[in-house]
Amino acid sequence: YYRWRGVYLGLAPSGLILYMGYLWVRFGEPLLFYTEQKDWNREPTGPLQTLTLSFERSWESLGRLFGPLPREGLSAEQLLDRIGQADSAYGLLLLALALALILAGSRTLPLGLSAYAFLVAVFPAFFGTPDNPLMGLPRYLLVAFPLFIVLGVLLENRWLLAVWLAASTGASLVLCALFITWRYVA
């Protein structure tokens with residue numbers, strides 16, 4: 001039984017290894033998926049640099065979001081522009097939520113699941129962009145399924161569940177409006 005666990009563990013990176021082999025045969029560069037990140041303005045960074053830059057960009061984006069209004073008011077288009085420009089603040093807020101859920105789950109989840117969620121959540125901190133250091137964080141967090149288990153445990157209280165559902169419904173509507181008007185969402 002235990003020997004099969006080793007075989008299964010060996011199968012886990014097989015897709016990546018096969019893809020790297022394909023890239024090596026086809027393009028002569030097995031790490032092409034990594035080196036081509038520069039086209040997206042991504043570069044390897046340290047987590048402290050990413051966090052510092054995230055706080056700076058979040059402060060700037062919140063300043064744009066809550067900045068002074070024009071005398072004639074905001075059109076729906078201008079409001080969506082302001083909300084869309086606050087993506088750095090959303091990324092930082094989601095990272096804080098993920099880390100809080102990881103801490104809350106460290107008491108209820110097995111160590112392996114907590115470690116997996118932590119690694120998935122902090123991965124974007126090593127690959128930031130100067131404009132949006134946590135770009136893509138919502139997509140990365142979608143595969144951190146232990147966070148959803150912890151959220152389910154925490155939301156057993158009906159009042160907390162109602163608040164969560166109201167907040168997530170509002171956020172979903174805003175993100176949907178941004179998406180259908182061709183603005184960056186994740």
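Here are three short exercises, with worked solutions, on a predicted model.

**Exercise 1.** How are helices α6 and α9 oriented to each other, and which residues meet?

*Solution.* Start by finding the two helices: α6 covers residues 87-105 and α9 covers residues 145-154. Next, look at their axes, which come within 9 Å and cross at roughly 70 degrees. Angles of 65 to 115 degrees count as roughly perpendicular, so α6 and α9 are roughly perpendicular to each other. Now turn to the side of α6, where Ala 98, Leu 101, Ile 102, Ala 104 and Gly 105 take part in the contact. Their partners in α9 are Leu 147, Val 150, Leu 151 and Leu 154. Sorted by character, the residues of this contact are eight nonpolar, one polar and no charged.

**Exercise 2.** Describe the largest pocket by its volume and its lining.

*Solution.* First, the volume: the largest pocket holds about 1,000 Å³ of space. Then count its lining, which has 31 residues. To find the centre, look for Leu 94, Leu 97, Pro 138, Ala 171 and Leu 175, the lining residues nearest to it. At least two lining residues come from each of α5 (76-84), α6, α8 (137-142), α9 and α10 (158-180). Finally, the lining divides into 24 nonpolar, six polar and one charged.

**Exercise 3.** Which elements give two or more residues to the lining of the second largest pocket?

*Solution.* Begin with the space, about 260 Å³. Among the residues lining this pocket are Phe 33, Tyr 34, Arg 139 and Tyr 140. The elements sought are α3 (32-35) and α8. To finish, sort the lining: eight nonpolar, one polar and two charged.

Key
Residues are numbered from 1 along each chain as its sequence is written. This is a predicted model: local features need pLDDT of at least 70, side-chain atom pairs count only at pLDDT 80 or more; totals for chains, interfaces and linings use all residues. Side-chain values use heavy atoms; hydrogens and water are left out. Axes are lines fitted to C-alpha atoms, for helices over the stretch in contact, and angles run from 0 to 180 degrees between N-to-C directions. Helices (H or I, at least four residues) and strands (E, at least two) are DSSP runs, numbered from the N terminus. Angles under 35 degrees count as roughly parallel, over 145 as roughly antiparallel, 65 to 115 as roughly perpendicular and the rest as oblique. Contact means heavy atoms within 4.5 Å. Ala, Val, Leu, Ile, Met, Phe, Trp, Tyr, Cys and Pro count as nonpolar, Asp, Glu, Lys and Arg as charged, and the others, Gly among them, as polar. On a 1 Å grid over the protein atoms alone, a cavity is a set of points where a 1.4 Å probe fits but cannot get out, and a pocket is an open set with protein on both sides within 12 Å along at least five of seven lines; lining residues have an atom within 4 Å of a point. Grid points are joined across faces, edges and corners, and a volume is the space filled by probe spheres set on the points.
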